[in-house]
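Me: I'm new to this one and would like to go through it bit by bit. Can you show it to me first?

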Amino acid sequence: MNVVEYADVLLQNLVSNLTELYPDANIWLVGHSLGGALASLLGTTFGFPAVAFEAPGERLAASRLHLPLPPPSNATGAPLAPVTHVYHTADPIAQGTCTGVGSPCVAAGYALETRCHLGKTILYDTVERLGWHVDVRTHRIGDVITRLLDLEEEWEPGRYVPVARE
């Protein structure tokens, strides 16, 4: 058994054990950045809802790993995964603008291949609305919590959180 097969067996056993121990539980997967991408991929694979904060696009990884994806949405034709991505326009990692040798993220050690996310997206326009600059330093979860989610400001009429869109 190779490493990938072994990891797959471990994950299947973990999910099986959790659902057997807690049959009535609502299991949600949550993560930030790479942890958000992993939560998204696991949620899509096993059908658990996932919330990914500032995660890089994971649709390409899902297709390369041949993960089972839900049927496509009628609106976009993309798989309607049980995932909600939350990020803002000043974060180049979640926006997928860290691609290529000339991107500002390469110096920080990031090189992403895709900007395509699975599921739905809640996008805060921090560049236009709050005057933030696009910078990899805005990617920190602390900034998202203290500078964005703690704001008591309407992002859309009557809404403190933007609508999740495919």
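**A walk through the model**

Reply: Sure. The structure holds one aromatic pair. Bear in mind that this is a predicted model.

Me: Which residues form the aromatic pair, and how are the ring planes set: stacked or edge-to-face?
Reply: The two rings belong to Tyr 124 and Trp 155, with their centres 5.0 Å apart. Planes over 60 degrees apart count as edge-to-face. The planes here stand at 85 degrees, so the Tyr 124 and Trp 155 pair is edge-to-face.

Me: And how many residues apart are the two partners along the chain?
Reply: Tyr 124 sits in strand β4 (residues 120-124), while Trp 155 is in the segment after α6. Both Tyr 124 and Trp 155 are buried. The pair links distant parts of the chain, with its partners 31 residues apart.

Me: Let's move to Tyr 87. Is Tyr 87 buried or exposed?
Reply: You'll find Tyr 87 in strand β3 (residues 83-88). Its contacts beyond four places in sequence include Tyr 124, Leu 123 and Glu 54. Buried means under 20% relative accessible area. Tyr 87 has 9%, so it counts as buried.

Me: What distance separates the C-alpha atoms of Tyr 87 and Ile 122?
Reply: Ile 122 is among the residues that Tyr 87 contacts. Along the chain, Tyr 87 and Ile 122 are 35 residues apart. Their C-alpha atoms are separated by 6.6 Å.

Me: What about Ala 52: which residue 34 places away along the chain has its C-alpha atom 6.1 Å from that of Ala 52?
Reply: Ala 52 belongs to strand β2 (residues 50-53), and its relative accessibility of 0% means that Ala 52 counts as buried. Leaving out residues up to four places away in sequence, Ala 52 touches Gly 31, Gly 36, Thr 84, His 85 and Val 86. The one with its C-alpha atom at 6.1 Å is Val 86.

Me: Which backbone oxygen lies 2.7 Å from a polar side-chain atom of Thr 138?
Reply: Thr 138 is in the loop between α5 (126-130) and α6 (141-149). With a relative accessible area of 7%, Thr 138 is buried, and its contacts farther off in sequence include Trp 132, His 88 and Asp 143. The backbone oxygen in question is that of Asp 135.

Me: Last one: what area does the nonpolar surface patch with Leu 18 cover?
Reply: Leu 18 lies in helix α1 (residues 3-21) and, at 32% relative accessibility, counts as partly exposed. Its partners in the patch are Leu 11, Leu 14, Leu 21 and Tyr 22. The patch they make covers about 470 Å².

Note on methods:
Residues numbered from 1 in each chain as written. Predicted model: local features only at pLDDT ≥ 70, side-chain atom pairs only at ≥ 80, totals over all residues. Heavy atoms only, no water. Patch = residues over 30% accessible without salt bridge, like charges linked within 9 Å, V, L, I, M, F, W, Y side chains within 5 Å. Areas by Shrake-Rupley, 256 points an atom, 1.4 Å probe, with all protein chains shown as cover. Salt bridge = Lys/Arg side-chain N within 4 Å of Asp/Glu carboxyl O. Helix = DSSP H or I, 4+ residues; strand = E, 2+ residues; numbered from the N terminus. Buried < 20%, exposed > 50% of the residue type's maximum accessible area, 1.4 Å probe, protein only. Contact = heavy atoms within 4.5 Å. Polar contact = N/O pair within 3.5 Å; in protein donor to acceptor, adjacent residues only side chain to side chain. Phe/Tyr/Trp six-rings, centres within 6.5 Å; stacked < 30°, edge-to-face > 60°.
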